[in-house]
Amino acid sequence: MTRVKLKRRVCATFEAPSPGRRETYGQRFGHIVWWNIERGYGFLKADDSYVDIFALRSGIAEEDSLVTNEKVSFEVIRGLKGPQAVNIKRQIGGNNQHKD
């Protein structure tokens, strides 16, 4: 834990990521909420969570780009600003679009 002193005697604590260490929180299944092809990033949502998870193009295991509502599997790591998806793969078989 790192303690940070803010203005006017207000203190906040947060857990800073360890440099050079990738902690994974396990394999998840979900869908693409939003993806920007030009900028190379977007957000995913796990089937068992309501939190959006940040993803970069470099986190995609395959060379193809992703599209909105596509079903995927991925691993979650602790990024600098919150959860981040890595090792993102399309789910194979059947209808590959997420149904709300």
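User: What makes the side chains of strand 5 alternate?

Analyst: Happy to walk through this predicted model with you. In strand 5, I53 and A55 turn to one face and are buried. D52, F54 and L56 turn to the other face and are not buried.

User: How do you know that D52 is partly exposed?

Analyst: Its relative accessible area is 37%. Partly exposed covers the range between the buried limit of under 20% and the exposed limit of over 50%, so D52 at 37% counts as partly exposed.

User: Which strands pair with strand 5, and in what sense?

Analyst: Strand 4, residues 41-46, pairs with strand 5 in the antiparallel sense over 5 bridges. A hairpin of 5 residues joins strand 4 to strand 5. Strand 7 pairs with strand 5 in the parallel sense, over 2 bridges. A pairing needs at least two bridges, and both counts meet that: 5 bridges with strand 4 and 2 bridges with strand 7. F54 shows both sides nicely: F43 is its bridge partner on one hand, and Q84 in strand 7 on the other.

User: Why is the contact between D52 and K45 called a salt bridge?

Analyst: The N to O distance between the side chains of D52 and K45 is 3.4 Å. The cut-off is 4 Å between a Lys or Arg nitrogen and an Asp or Glu carboxyl oxygen, so 3.4 Å qualifies D52 and K45 as a salt bridge. K45 has a relative accessible area of 24%, so K45 is partly exposed.

User: How many salt bridges does the count come to, and what can you say about E70 and R90?

Analyst: The count comes to 2 salt bridges. E70 and R90 form a salt bridge, with their closest N and O atoms 2.3 Å apart. E70 sits in the loop between strand 5 and strand 6 while R90 sits in strand 7, so the pair ties together parts that are 20 residues apart in sequence.

User: Are E70 and R90 buried or partly exposed?

Analyst: Here the cut-off of 20% does the sorting. E70 has 6% relative accessibility, so E70 is buried. R90 has 21%, so R90 counts as partly exposed.

User: Why is the ring pair of W34 and F43 called tilted?

Analyst: The ring centres of W34 and F43 are 6.2 Å apart, and the planes meet at 35°. Ring centres have to lie within 6.5 Å to pair, and a plane angle under 30 degrees would be stacked, while one over 60 would be edge-to-face. An angle of 35° fits neither, so the W34 and F43 pair is tilted. Both residues are partly exposed: W34 because its relative accessibility is 37%, and F43 because its value is 29%.

User: How many aromatic pairs are there, and which residues do they link into a cluster?

Analyst: The count comes to 4 aromatic pairs. Ring pairs link W34, Y41, F43 and F54 into a cluster.

User: What makes the phi of N69 and N87 worth a look?

Analyst: Most residues other than glycine have a negative phi. N69 has a positive phi near 70°, and N87 has a positive phi near 55°. N69 is found in the loop between strand 5 and strand 6, whereas N87 is found in strand 7, residues 82-90. N69 is partly exposed because its relative accessibility is 30%, and N87 is partly exposed because its value is 29%.

User: How do you know that I32 is buried, and what is it in contact with?

Analyst: I32 has a relative accessible area of 0%, so I32 is buried. I32 is found in strand 3, residues 24-36. Leaving aside neighbours within four places in sequence, its contacts include F43, L44, L66, V67 and V72. I32 and A55 are 23 residues apart in sequence, and their C-alpha atoms are 9.5 Å apart in space.

User: Which residues have the most contacts inside the largest nonpolar core, and which elements contribute?

Analyst: The largest nonpolar core has 13 residues, and those with the most contacts inside it are L44, L66, V72, F74, A85 and I88. Strand 3, strand 4, strand 5, strand 6 and strand 7 each give two or more residues to this core. Strand 6 gives the largest share, 3 residues. Leaving aside neighbours within four places in sequence, F74 is in contact with residues including L44, I53, A85 and I88.

How values were computed. Residues are numbered from 1 along each chain as its sequence is written. This is a predicted model: local features need pLDDT of at least 70, side-chain atom pairs count only at pLDDT 80 or more; totals for chains, interfaces and linings use all residues. Side-chain values use heavy atoms; hydrogens and water are left out. Helices (H or I, at least four residues) and strands (E, at least two) are DSSP runs, numbered from the N terminus. Buried means under 20% relative accessible area, exposed over 50%, partly exposed in between (1.4 Å probe, protein chains only). Rings of Phe, Tyr and Trp (its six-membered ring) pair if their centres lie within 6.5 Å; planes under 30 degrees apart count as stacked, over 60 as edge-to-face and the rest as tilted. Contact means heavy atoms within 4.5 Å. A nonpolar core is a set of buried Ala, Val, Leu, Ile, Met, Phe, Trp, Tyr and Cys residues joined through side-chain atoms within 4.5 Å.
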